[in-house]
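Morning, everyone. I have one short item today, on salt bridges. Please look at the sequence and the model on the screen.

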Amino acid sequence: MENIEDDVSKPAPVIVDCDVLEAAKENIQPLASGRRVTTLSAILQTPHAQRDAQLLAARKRFRTNIQIALEDDDDDPLEAYSRFVQWTLENYPQGQSAESGLLELLEEATRVLKDNREGRWKGTSTYLKLWVLYASYVEKPSIIYKFLLANDIGTDHALLYEEYAAALERAGRRSEADAAYLLGIARQAFPLDRLVAKHSEFQKRMMTAATMTPQLAPNAPPRRTALGVTSSSSAAVPTPSSSSQVGANGSRSGPRLGTNARLQIFVDPSGAGSADAMDSVTPYPDIGTRKSRVKENVPEVSKAAGSTLKQAGRTRRIASGSNSGAIAPKIVPFRDPEPDMDVEGKVVMDPPRVPISRQKDTVPETPTRTSTMIPFHDIPNGGGIPSIAQFTPFRDEPEIDPSAATLAPETVMKLKTVGGPVIGSEAEALRKDPLKNYSTEECPQDD
């Protein structure tokens, strides 16, 4: 009975539709700690409108908790920020985006907690992890780690030196990465054993990279220097490097073959008898003549009996039948038609006029007694107002002071900063300059 009661009290397992995860796997950012399948399934199966409303309500609750934690001395604002960041990572699978605002949240959390309560959180690993996550989204993470070392943030933890050295190694600054490992070891960062192991692995990678030499492919052509001798000229004029070849054991082999030399085919005989048999029987006893080698270009000869010949087209047959007994006509030269005739020499008649009653949007003609044209006479001064409108000359508008002009709202128009590009969003600005909200004295200079 106890087992039955325990089974009834346990919640039923959640069934996850893996097809939904498979369809959206390209929009899910992987995390080192992994993701919860149930949370992903619930997010992806929720409609967009309902999901946005739920996320907005949850964000408001987290903001309220952070505000309360910052005002209450007995509360923990670091824990409130950590929960907000973790919730953002889980509920926004795509990672940093305009909807999630993860980069702005990390910058706010690290900046607000830096001097909160007299720097109480500088030595905690939770606060250091927020900085490490912030550094993973910026262009130059080495600036973040230099800032941490200069402000004594997380200097007792080995994670700081490991991530700093890894960022330098990715940037190709190996000597500085080795110095970062040695600095952490000298400061006895915790855990020291893991830091020493990471340093030894780093040294092995550096030694392997130093001893590795680029090996050319066995069939790769030899390299030549710029403005050197080409392969065709080197074949005509032998040089000491091209006339001999160094073997694997250090001895020089025979002269190299020229470009136009015949290729020597190597035959591996399996015995004296087989070699004699190969010499006596060859698959190609005769190379043949040129006519036999290009037989594909010679049409096949066939009998004419029973074959159908291709006839000319129907138009040609009709033309040949109609002109079979007549003489071919001469070419008729083209002559320009007269004014009252068309191209064929026929008289062209004017089209009948449309009655006035059927005409639409037409201005009736003024009847005149004669067909002569009446000349136009200028109206004398004071003789009346002309029927056409006067011409208004163009005048430049008066100059307006740019400072006095009213600007549109901020959502419509933004002033362009002089001396630098306009940053599209706050996240883009933080990605390029992660310490833009700090003073110049606090920010270290990256090499």
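**Salt bridges in the model**

R173 is buried, with a relative accessible area of 18%. For that label the value has to be under 20%. Keep in mind that this is a predicted model.

What does R173 pair with? It forms a salt bridge with E176, and the closest N and O atoms are 2.7 Å apart. E176 is partly exposed, at 29% relative accessible area. So this bridge links a buried arginine to a partly exposed glutamate.

How many salt bridges are there by this rule? The count comes to twelve.

Another of them is between K114 and D115, with 3.3 Å from N to O. Is K114 buried or exposed? K114 counts as buried, because its relative accessibility is 4% and the cut-off is under 20%. D115 is exposed, because its relative accessible area is 52% and that label needs over 50%.

Next, the side chains of R431 and E139 meet in a salt bridge, 3.0 Å from N to O. R431 sits in helix α17, residues 426–432, while E139 is in the loop between α7 (125–135) and α8 (141–150). The two parts are 292 residues apart in sequence, so the pair ties together distant stretches of the chain. R431 is partly exposed, at 28% relative accessibility, and E139 is also partly exposed, with 41%.

This pair belongs to a network: salt bridges with shared partners join E139, E428, R431 and K432.

That is my item for today.

Note on methods:
Residues numbered from 1 in each chain as written. Predicted model: local features only at pLDDT ≥ 70, side-chain atom pairs only at ≥ 80, totals over all residues. Heavy atoms only, no water. Salt bridge = Lys/Arg side-chain N within 4 Å of Asp/Glu carboxyl O. Buried < 20%, exposed > 50% of the residue type's maximum accessible area, 1.4 Å probe, protein only. Helix = DSSP H or I, 4+ residues; strand = E, 2+ residues; numbered from the N terminus.
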